[in-house]
Amino acid sequence: MVPSEIRALFAMVARPEVVSLAGGAPYVSALPLDVVGDMIGDLVANRGAEALQYGSAQGDVVLRERICDVMALEGITASADDVVVTVGAQQALDLVTKIFVDPGDVVLAEAPSYVGALGTFASYQADVVHVPLDEGGLIPAALRETLDRLTREGRRVKFLYTVPNFQNPSGVTLTTARRAQILEICAAYDVLVIEDNPYGLLGFDGEPTRAMRADDSERVIYLGSFSKTIASGLRVGWALAPHAVRAKLVLAAESAVLCHPALSQVAVREYLTTQPWREQIKSFRELYRSRRDAMLDALDALMPDGCTWTRPGGGFFVWLTLPEGLDAKAMAPRAIAERVAYVPGTGFYADGGGRRNMRLSYCFPEPDRIREGVRRLAGVIESEIRMRDTFGGVRPGAASGGVHTPGPGVV
């Protein structure tokens, strides 16, 4: 186990003079905190004997029914009996990996991929094999080629891990056509799909995209979370799995925590039952859209030639690629000195890639702070370009990694 790139930044970026475009913390201040506070106070006062007691390792049954209502927005028809409540989607990912992975087993993951997933896979000694993505998400042809190669080598792939909607860190979304292709490929090679979907309801245009789980209930294990749509501090997530896998998840949860915090579960249950949560999600979407727009406008206006970035349709993140010869990880301390922070791309690869990449988060800072942060970052990059032109940079193409990102004019 090793520290994540993001956690290592926290101490440095906590200073108020630093504009942090690093962490993906949701803007929970947009919640009606007075209403939520009264609701939780009433819960403890009137139903404390339930909310402060032990519970089931599978989770509160009424909450699991409400979770099915939430998933229905993405086309999923599910039974509460196949839902397991977890401490955030991160624990769900840990439990799934514990069940399926032995040391040396292969796990396929997008390149780049969520840093928390890579840490979980490493802790169980999985061999992570990356599959590239582009502006349309995971590339089906590359997935088939990778599975062909691993099959010839006699290696067993346990599952494919994907974040199909507004991916962390790239911000890209898997196209509808590719979703069907990926499900078909995984079925042909008998590979499970772990669909991690914390951002699916936070799209900025149109209705939520149909989940992969909605089209394959036997091969897809769906992971969800209320960290982005209600509050991250409640730490309530879930896994929806085929019935036999669900039973193993409950056993794994019992061995890990005995049962999950009842107070958080009852609070989320009450919120979904009594509060206008769909309207609150709409408010979050509008808030994050305005911040996304502030970041993209600032990037368009200020970034030097040679930089490219994604243009997310939802979620929290933009993925920026630096010009050849620049190294985002080596540049990070100099950016901190100029009072701006980002996450270097190397944290999102298991194979050392991503040195020319960085993840920029727009979910937490106010729009004016985002614009100022991008201004400072552009100045740092311009300085790095001058140094490269004067003294040379990293060997062209070395460890460049990174998703192919469209230019700023590409939708």
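How do the residues of the lining of the largest cavity divide into nonpolar, polar and charged? They divide into 11 nonpolar, 5 polar and 1 charged, where Ala, Val, Leu, Ile, Met, Phe, Trp, Tyr, Cys and Pro count as nonpolar, Asp, Glu, Lys and Arg as charged, and the others, Gly among them, as polar.

The model is predicted: local features need pLDDT of at least 70, side-chain atom pairs count only at pLDDT 80 or more, and totals for chains, interfaces and linings use all residues. Residues are numbered from 1 along each chain as its sequence is written, and side-chain values use heavy atoms, without hydrogens and water.

On a 1 Å grid over the protein atoms alone, a cavity is a set of points where a 1.4 Å probe fits but cannot get out, a pocket is an open set with protein on both sides within 12 Å along at least five of seven lines, and lining residues have an atom within 4 Å of a point. The volume of the largest cavity, the space filled by probe spheres set on points joined across faces, edges and corners, is about 140 Å³. Of its 17 lining residues, Val-70, Leu-201, Ser-225, Thr-229 and Trp-238 are the closest to the centre. Strand E8 (a DSSP run of E, at least two residues; helices are runs of H or I, at least four, and both are numbered from the N terminus) gives the largest share of this lining, 3 residues.

The second largest pocket has a volume of about 410 Å³. Among its 19 lining residues, those closest to the centre are Leu-201, Gly-206, Glu-207, Pro-208 and Arg-285. This pocket lining has 8 nonpolar, 6 polar and 5 charged residues.
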